Amino acid sequence: MKRLVLIICFALLGTTAMQAQSGLRIGANVGLPVGDIEKVSNFQAGVDLAYMLDVADMLYLGPKIGYTQFFMDEDNFGGFEVDDPAFLPIAASGRISLARGFFFGADLGYAVGLNEGNDGGFYYRPQVGYNFGIIGLVGSYTGISVDGGSFGAINLGLEFGL
């Protein structure tokens, strides 16, 4: 009898975690810059807001908007003050939910540059994560391809489902 109750509890927990993928999602992440920006930046942070729709069994799609900023290491500029590159990513977001709350996903879109001289560029963000229900843990790579280079960061973040 205990075994049956335990199996039912795990089944309900898994169903709850999978259903928590849809709806409004608010996330925050921090990252380590990689690639072209790695030499002049030592930290990246971002926030995002998405609305995920359940379009098929375990497949979720929706719009996403966010804010991401790369913090420049002023030691690389001889002590001169430089603007930290900031972007407003506008993207389509997709996720495939796996058993027990695991998911894979990707965001694709355009990151609008928010600084003077920052035109923005193509935005992509593959991700993997685990939903505990209302809260999810997300590992991702943020990439922004701009004229003459790219901005990239390996991120770890939390997201909250409302």
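What percentage of the 162 residues in the protein do buried residues make up? The buried share is 40%. The model is a predicted one, and the description below moves from the overall fold to the strand pairings, the core, the aromatic pairs and one buried arginine.

The secondary structure consists of one helix and eight strands. Along the sequence these elements follow the pattern α-β-β-β-β-β-β-β-β. The eight strands close into an antiparallel barrel, in the order E1-E2-E3-E4-E5-E6-E7-E8. On average, and with direction ignored, neighbouring strands of this sheet are turned by 25 degrees against each other. Of the contacts between residues at least 6 apart in sequence, 49% join residues at least 24 apart.

Several of the strand pairings can be followed residue by residue. Strand E3, residues 59-72, pairs with strand E4, residues 86-97, in the antiparallel sense, and nine bridges connect them. Leucine 59 has isoleucine 96 in E4 as its bridge partner. Further along the chain, eight bridges join E6 and E7, again in the antiparallel sense. In this pairing tyrosine 123 stands opposite isoleucine 144 of E7. E6 and E7 form a hairpin with three residues between them, and glycine 133 in the turn has a positive phi of about 125 degrees. The antiparallel pairing of E7 and E8 runs over twelve bridges, with valine 138 opposite glycine 157 in E8. The hairpin of E7 and E8 has two residues between the strands, and here glycine 148 takes a positive phi near 85 degrees.

The next topic is the nonpolar interior. Eleven residues make up the largest nonpolar core: Ile37, Phe70, Met72, Phe87, Ala91, Ala111, Tyr123, Ile144, Val146, Phe151 and Ala153. At least two residues of this core come from each of E3, E4, E7 and strand E8 (149-161). Tyr123 and Ile144, both listed in the core, are the residues that stand opposite each other in the pairing of E6 with E7. Three of the core phenylalanines, Phe70, Phe87 and Phe151, are also linked by ring pairs into a cluster. Alanine 91, another core member, touches Gly62, Pro63, Lys64, Asp107, Leu108, Gly109 and Tyr123, leaving aside residues up to four places away in sequence.

Aromatic rings also meet elsewhere, and the structure holds seven aromatic pairs. One of them joins phenylalanine 102 and tyrosine 130 in an edge-to-face arrangement, with 4.7 Å from centre to centre and 65 degrees between the planes. This pair links distant parts of the chain: phenylalanine 102 lies in strand E5 (residues 102-113) and tyrosine 130 in strand E6 (residues 121-131), 28 residues apart. Phenylalanine 102 counts as partly exposed because its relative accessibility is 44%. Tyrosine 130 is partly exposed as well, at 24% relative accessibility.

Tyrosine 124 and tyrosine 141 form another pair, which is tilted because the ring centres are 6.1 Å apart and the planes stand at 35 degrees. This pair too links distant parts of the chain, with tyrosine 124 in strand E6 and tyrosine 141 in strand E7 (residues 135-146), 17 residues apart. Tyrosine 124 has a relative accessible area of 26% and is therefore partly exposed. Tyrosine 141, at 27% relative accessibility, is also partly exposed.

Is arginine 125 buried or exposed? Arginine 125, which is found in strand E6, is buried because its relative accessible area is 5%, and the cut-off for buried is under 20%. Its side chain makes a polar contact of 2.8 Å with the side chain of aspartate 48. A polar contact of 3.0 Å joins the side chain of arginine 125 to that of serine 140. Leaving out residues up to four places away in sequence, arginine 125 touches Asn29, Asp48, Lys64, Gly105, Ala106, Asp107, Val138, Ser140, Tyr141, Thr142 and Asn155. Among these neighbours, Tyr141 is the ring partner of tyrosine 124, and Val138 is the residue that stands opposite glycine 157 in E8. Lys64 and Asp107 touch arginine 125 and also touch alanine 91.

Note on methods. Residues are numbered from 1 along each chain as its sequence is written. This is a predicted model: local features need pLDDT of at least 70, side-chain atom pairs count only at pLDDT 80 or more; totals for chains, interfaces and linings use all residues. Side-chain values use heavy atoms; hydrogens and water are left out. Rings of Phe, Tyr and Trp (its six-membered ring) pair if their centres lie within 6.5 Å; planes under 30 degrees apart count as stacked, over 60 as edge-to-face and the rest as tilted. Helices (H or I, at least four residues) and strands (E, at least two) are DSSP runs, numbered from the N terminus. Buried means under 20% relative accessible area, exposed over 50%, partly exposed in between (1.4 Å probe, protein chains only). Two strands pair if DSSP finds at least two bridges between them. Axes are lines fitted to C-alpha atoms, for helices over the stretch in contact, and angles run from 0 to 180 degrees between N-to-C directions. A nonpolar core is a set of buried Ala, Val, Leu, Ile, Met, Phe, Trp, Tyr and Cys residues joined through side-chain atoms within 4.5 Å. Contact means heavy atoms within 4.5 Å. A polar contact is a pair of N or O atoms within 3.5 Å; within protein, one must be able to donate a hydrogen and the other to accept it, and residues adjacent in sequence count only if both atoms are side-chain atoms.
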